[in-house]
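Dear colleague,

I am passing on the structure below, and I would be glad if you could look through it alongside the notes that follow.

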Amino acid sequence: KAGRADTATDPAPLSMIETWIELKPKEEWRAGMTPEKLMAELDKKVRLPGLSNSWGYPIKIRLDMLTTGIRTPVGIKISGPDLKGIADLSRQVENIVKEVKGTRSAIADRVQGGKYIEIVPNRRALARYGVDIGTVQRIIQIALGGMKLTEAIEGRERYGIMVRYDRPFREDMADLENVLVPTPEGAHITLAELATVKITEGPPMIKSENARLNGWVFVDLENVDIGSYIKNVRQTLNEKLALPAGYSLTFSGQFEQMQEANKRLSVAIPAALLIILTLLYLHFGRWDRTALIMLAVPFGLIGGIWGVYLAGYNLSVAVAVGFIALAGIAVETAIIMLIYIDQQVREHPPKNYNDLLGAVTHGAVLRVRPKLMTVSTIIFGLLPVFFTDGPGADVMRRIALPMVGGMTSTLVLTLILIPAIYVLYMGWIMNLKK
């Protein structure tokens, strides 16, 4: 598809050419092939002079275009008062960004350079022949643009019947000048006698945001996370690009969405921890027990972070959601341990350090099986996500992986460290001696 589709939701210039590739089932792929490797191979083999490639998934690209207008992971929007100045800056930014590590391709929208056929009526000639401008415009509309006269109906099918000059009669400038325009007296005069037909340059497409003209640079990435890439690009542009007065640069695309997500997560994560902390204090009524249980959160984070690192995932909204869920589950498993240790200490008040150690050991041993069952249920319940493919599977893996890794570390650290910390703390509080 070249250009825009027949819908107002597809703001695409003629220079935007889209190609859809339907992949075979994964069972028929070469061994070791991944979507990333496939994109890299295609990017090397499928190249045309004057065009830059950007790769992605059709639905995701469409959503990105509807939300931010940018169809690549990163977009640079250049705002200013003049299209020519924006065009010059866009080309400079394109050349600079291409040199930044992690850039697969960069292409600036050409806001200038579009070719148009302009027909300028000669009012003196129109008055001489008694032809009004409306007649000239109607002839141009019908002969060159085409006009729908009626519609043919065949069952559920509808076909528009158009009237228009055949292509051989509108192929070049001389043909356009020979289009006949009727006069009130019934004579026909060529368009060349009534108007000037010429080719002019202009913007293929005009974009504006916040009441300012815009030009966009589309940047496709390769083997780099967006956050660090944007940091490098900002530094490089600050060093090599001099912005004239009245012009500005803003980053958009997935980076813009990432910023919005970070703002929400900066509220959601502290809010989730605060709710957990409040509920624990309302239940136990003591800050020492609440703080001891909250230690399970960093215990869980250790395994979750290792899991994300070993899987090669970058931090994303899905991963952050997995960590939020992990915090709740880790606290739940710590509560199971602490309640039974407290119960043993209350039922058998320790008189010395050895009595405290025995009560804590007995309470902890009683919770080994329930804790193993809880952790195993969570882990084995989430494991099928890692062996399935399909829509949403990638997102679910990023949510599930921190929980699986975190429950593993929580199991080990809670069984060992919480009883040990409890013994040290209670021994100090109760002033017990060995």
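**Notes on a loop and two helices**

At 83% relative accessibility, Ala211 lies above the 50% cut-off and therefore counts as exposed; please keep in mind throughout that this is a predicted model. The residue sits in the loop that joins strand E9 (207-209) to strand E10 (212-221), and Ala211 takes a positive phi of about 65° although it is not a glycine. Most residues other than glycine have a negative phi.

Thr410, by contrast, is found within helix H15 (residues 393-429), and its relative accessibility of 0% is under the 20% limit, so Thr410 counts as buried. Once neighbours within four places in sequence are set aside, Thr410 is in contact with Ala296, Phe299, Gly300, Ala330, Thr333, Lys371 and Leu415.

Helix H5 (residues 133-145) comprises 13 residues and spans 17 Å between its first and last C-alpha, which is close to the 18 Å expected at 1.5 Å a residue. Its buried residues are Thr135, Val136, Ile139, Ala143 and Leu144, and, seen down the axis of H5, these fall within an arc of 125°, so they line one face of the helix. The elements against which the buried residues of H5 pack are strand E3 (114-121), helix H4 (123-129), helix H6 (173-177), strand E6 (180-182) and helix H7 (191-194).

As for the ends of this helix, a side-chain oxygen of Asp132 comes to within 3.1 Å of the backbone nitrogen of Gly134 at the start of H5, while Gly146, just after H5, has a positive phi of about 95°.

With best regards

Terms used
Residues numbered from 1 in each chain as written. Predicted model: local features only at pLDDT ≥ 70, side-chain atom pairs only at ≥ 80, totals over all residues. Heavy atoms only, no water. Helix = DSSP H or I, 4+ residues; strand = E, 2+ residues; numbered from the N terminus. Expected span 1.5 Å × (residues − 1). Buried < 20%, exposed > 50% of the residue type's maximum accessible area, 1.4 Å probe, protein only. Arc of directions from axis to C-beta. Contact = heavy atoms within 4.5 Å. Polar contact = N/O pair within 3.5 Å; in protein donor to acceptor, adjacent residues only side chain to side chain.
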